[in-house]
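Work through the following exercises with the sequence and the structure in view. Each one sets a task and is followed by a solution that proceeds step by step.

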Amino acid sequence: MAANWGKLYIQGRCKAFGVSWSEEDLNALNNLKIPVEYVRRGILTLKEYEQAKDSIELLKDKEVLMKEAKEVGLEATPDASAETLTKEIKKAKK
Amino acid sequence: MITQSDFPKLTDYVDDIFNEVAKTSVADMKGNKIFRVRDTSLRSFEHLILHGMSGIQEVTPGQDFPNVTSEEGDSITWTQRQYGAKVSVTEEMRMFDRYSQLESIVRSISTDAFDKIDQSLADVLLYGTATTYTDVYGKSVAAVGPDGLALFSASHSNNLNTDVFSNIITSNPALSRAAIVTARKLGLTHKDPNGMIRPVHLDSIIVSPENEDLIERILYSEKMSGTGNNDLNPMKGKIKNVYVWERMQTRSDGTDTSAYWFMFDSSKIGETLNCLFAKRPVLQAPEKVYKNGNWDYALNYYNTIGIGYAPYIFGSTGAGA
């Protein structure tokens, strides 16, 4: 059984490709309303979230990233994740 | 002594044993009565689920009907896997006419195939809160639905909004009349992501032999069972199908799962539980046989099990937590 992990990842509905959210992750997401990017980095409590809030760079919207990728000459397809795009754009800008 | 000229007759004999086992095994299986069992010619079968689209709108004269797309849905791919075993008719068996030995081997291997299929279906429910498990064939399998979560989850998601739903019967209660009432209410009040009530009529129940007596008392007593209350039993006649599934007693890793119980909507369960065969179990005779070699009959099948849209089945481990 293979879920559409690429789509689920982009939609913030799994932890990583092929890795489901755990009960603790789901609690942080659904009850504590901690954003996906933070939960993916293991931030599961409000206290940890408050501390990490300013130190983690939130990902830009995928459309924005695709535009930026084009500007820096990156041959990216819409299948690329926001994390990958961010990383590659940074590399290309250097 | 069985010689090469007896091969067609021997093949008929082996086929008869296999067919007899297949007939009785299929009749005894419960999984094939619960899961939607279908044949497919596709190696990878893509299943689309829709969470409950809000497609219908009022249409004014001359206005085009609104489009309905699959954008709201999730998809999952179920890929066929091959299973098989060889039944060897050895030279010694032929030389000494060991029909009874041959019959035992064919009977045993054929029974094993059907038992394994039924257990693999039961394991989908019994490992229902896990996202992966070791199946009855000893292989690690993914056990997620289209939302990337286990079959039974308190947080089934959708791609329309952040709403979630649970198909775990609240607090995993042990089987009881009150717990069935709770489950039925959960099903009847199920909402889709658009906030529309999409009732799930939990009209079927699966229990282990451990709970056979209890479920029959709960469902079939004239009065309410297990209470001094003399009211008529309102549960009587509400549950259409009761499956006392032997394989609910233990799952394939030997864990006692006798307290587990499940309720499902018989008209929609095919959206949730699927079993697809690209090839049903068959016993194939060897194309060529040699006087001194083994005559290898091959039993094989192609099969996959798929989890779809989850709300049509609710489950409890009976652990009370």
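## Exercise 1: A sheet and its helices

In chain B, strand β10 (residues 273-284) and strand β11 (residues 295-307) pair in the antiparallel sense over 9 bridges. Starting from this pair, describe the sheet around β10(B) and β11(B), and then find the helices that pack on the sheet.

Solution. As a beginning, take one rung of the pair: B:V282 has B:N300 in β11(B) as its bridge partner. This is a predicted model, and the confidence for chain B can be checked before going on: its mean pLDDT is 92, with 98% of the residues at 70 or more.

Next, widen the view to the sheet, which is open, has 4 strands in the order β1-β10-β11-β4 (chain B) and is mixed in its pairing. The edges are held by β1 (36-39) and β4 (81-89) of chain B, and because each has a single partner strand, one side of each is left without a neighbour in the sheet. From one strand to the next, the twist averages 25°.

Finally, turn to the helices. Helix α1 (residues 7-28) of chain B packs on the sheet and touches β4, β10 and β11 of chain B, and its direction makes about 155° with that of β10(B). Helix α4 (residues 99-126) of chain B also packs on the sheet, touching β4, β10 and β11 of chain B, while its direction makes about 10° with that of β11(B).

## Exercise 2: A mixed sheet

Determine the strand order of the sheet of chain B that contains β7 and β12, and explain how its strands are paired.

Solution. The order is β8-β7-β9-β12 (chain B), in an open sheet of 4 strands with mixed pairing. The edge strands, each pairing on one side only, are β8 (241-244) and β12 (313-316) of chain B. Neighbouring strands are turned by 15° against each other on average, direction ignored.

To see the mixture, compare two pairs. Strand β7 (residues 204-207) of chain B and β8(B) pair in the parallel sense over 4 bridges, and here B:S204 stands opposite B:N241. Strand β9 (residues 261-264) of chain B, by contrast, runs antiparallel to β12(B) and is joined to that strand by 4 bridges, with B:W261 opposite B:S316.

One more step concerns the surroundings of β12(B), whose two faces are both covered: B:I313 and B:G315 are buried on one side, and B:F314 and B:S316 on the other.

## Exercise 3: A lysine in a loop

Is B:K268 buried, exposed or partly exposed, and why?

Solution. First locate the residue, which lies in the loop between β9 and β10 of chain B. Then count its neighbours: there are 17 C-beta neighbours inside 10 Å, and therefore B:K268 counts as partly exposed. A last look along the chain shows that B:Y312 is 44 residues away from B:K268, although their C-alpha atoms are separated by 6.2 Å.

## Exercise 4: The two faces of a helix

Sort the buried and exposed residues of α2(A) by the face of the helix on which they lie.

Solution. Begin with the buried residues of α2(A), which include A:D25, A:A28 and A:L29. Seen down the axis of α2(A), the buried residues fall within an arc of 90°, so they line one face of the helix. The face turned away from this buried side carries the exposed residues A:E23, A:E24 and A:N31. Among what covers the buried residues of α2(A) is α3 (36-40) of chain A. After the helix comes A:K33, whose phi is positive, near 55°.

## Exercise 5: Where the chains touch

Describe what each chain gives to the contact between chain A and chain B.

Solution. The contact takes 12 residues from chain A and 20 residues from chain B. On the side of chain A, the elements that give two or more residues are β1 (2-3), α1 (5-10) and α2 (23-31). That side divides into 7 nonpolar, 4 polar and 1 charged residues.

Strand pairing also crosses between the chains, since β1(A) and strand β3 (residues 74-79) of chain B run antiparallel and are joined by 2 bridges. Within this pair, A:A3 has B:I76 as its bridge partner. For the complex, the predictor gives an ipTM of 0.82 and a pTM of 0.88.

Key:
Residues are numbered from 1 along each chain as its sequence is written. Chains are lettered from A and ligands numbered from 1 in the order in which they are written. This is a predicted model: local features need pLDDT of at least 70, side-chain atom pairs count only at pLDDT 80 or more; totals for chains, interfaces and linings use all residues. Two strands pair if DSSP finds at least two bridges between them. Axes are lines fitted to C-alpha atoms, for helices over the stretch in contact, and angles run from 0 to 180 degrees between N-to-C directions. Two residues are in contact if their C-beta atoms, placed from the backbone, lie within 7 Å. Ala, Val, Leu, Ile, Met, Phe, Trp, Tyr, Cys and Pro count as nonpolar, Asp, Glu, Lys and Arg as charged, and the others, Gly among them, as polar. pLDDT is the predictor's confidence in each residue, from 0 to 100. A residue is buried if 20 or more other C-beta atoms lie within 10 Å of its own, exposed if 12 or fewer, and partly exposed in between; C-beta atoms are placed from the backbone. The arc is that of the directions from the helix axis to the C-beta atoms.
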